[in-house]
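User: I have a model open and want to learn how to read its strands and loops. Can you take me through it step by step?

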Amino acid sequence: QVQLVESGGGLVQPGGSLRLSCAASTSIFSLYAMGWYRQAPGKEREYVAGISSGGSTNYADSVKGRFTISRDNAKKAVYLQMNCLKPEDTAVYYCTRIANMRGDSTGSWGQGTQVTVSS
């Protein structure tokens with residue numbers, strides 16, 4: 001399984017921005033579809049965004065127009081730019097390799113990075 005390490009989380013005020021990063025260990029990263037999930041306290045983990053090996057993207061309705069997923073195959077990294085953050089975006093964010101653009105995870109997860117949106 002590919003090893004994934006997320007970074008970039010933190011505390012931000014409502015309306016602010018954060019950029020999450022996920023570094024992958026595999027040399028064939030460019031072949032993988034990648035995704036971001038999040039899990040808020042007391043809630044199930046939910047799919048946020050995904051990007052195919054070819055660069056196609058999709059998003060959960062709750063983040064569409066505010067979040068942007070991207071990738072840099074040379075750096076073996078995937079990113080999540082989060083703008084116009086809301087308190088309900090508060091969660092631990094996880095990077096994962098996805099099996100398809102429905103966002104089904106292959107089971108490789110990072111350790112997560114905490115995002116807290118609060119004034």
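User: Which residue stands opposite Ile51 in strand 6?

Analyst: This is a predicted model. Read across the paired strands. Ile51 faces Thr57 of strand 6. Strand 5 and strand 6 (residues 57-59) run antiparallel and are joined by three bridges.

User: What stands opposite Ile51 on the strand 4 side?

Analyst: Met34 stands opposite Ile51 there. Strand 4 (residues 33-39) is also antiparallel to strand 5, with five bridges between them.

User: How many residues of strand 5 are buried?

Analyst: Buried means under 20% relative accessible area. In strand 5 (residues 46-51), five of the six residues are buried, so the strand is mostly covered.

User: Now the turns. Which residue takes a positive phi in the hairpin of strand 4 and strand 5?

Analyst: Gly42, with phi near 75°. That hairpin has six residues between its strands. In the hairpin of strand 5 and strand 6, five residues lie between the strands, and Gly55 has a positive phi near 100°.

User: Which residue other than glycine has a positive phi near 55°?

Analyst: Lys76. It sits in the loop between strand 7 (67-72) and strand 8 (77-82). Cys84 is another non-glycine residue with a positive phi, near 50°. Its loop runs between strand 8 and strand 9 (91-98).

User: Why does Lys76 count as partly exposed?

Analyst: Partly exposed covers the range between under 20% and over 50%. Lys76 counts as partly exposed because its relative accessibility is 28%. Cys84 has a relative accessible area of 46%, so Cys84 is partly exposed too.

Note on methods: Residues are numbered from 1 along each chain as its sequence is written. This is a predicted model: local features need pLDDT of at least 70, side-chain atom pairs count only at pLDDT 80 or more; totals for chains, interfaces and linings use all residues. Side-chain values use heavy atoms; hydrogens and water are left out. Helices (H or I, at least four residues) and strands (E, at least two) are DSSP runs, numbered from the N terminus. Buried means under 20% relative accessible area, exposed over 50%, partly exposed in between (1.4 Å probe, protein chains only). Two strands pair if DSSP finds at least two bridges between them.
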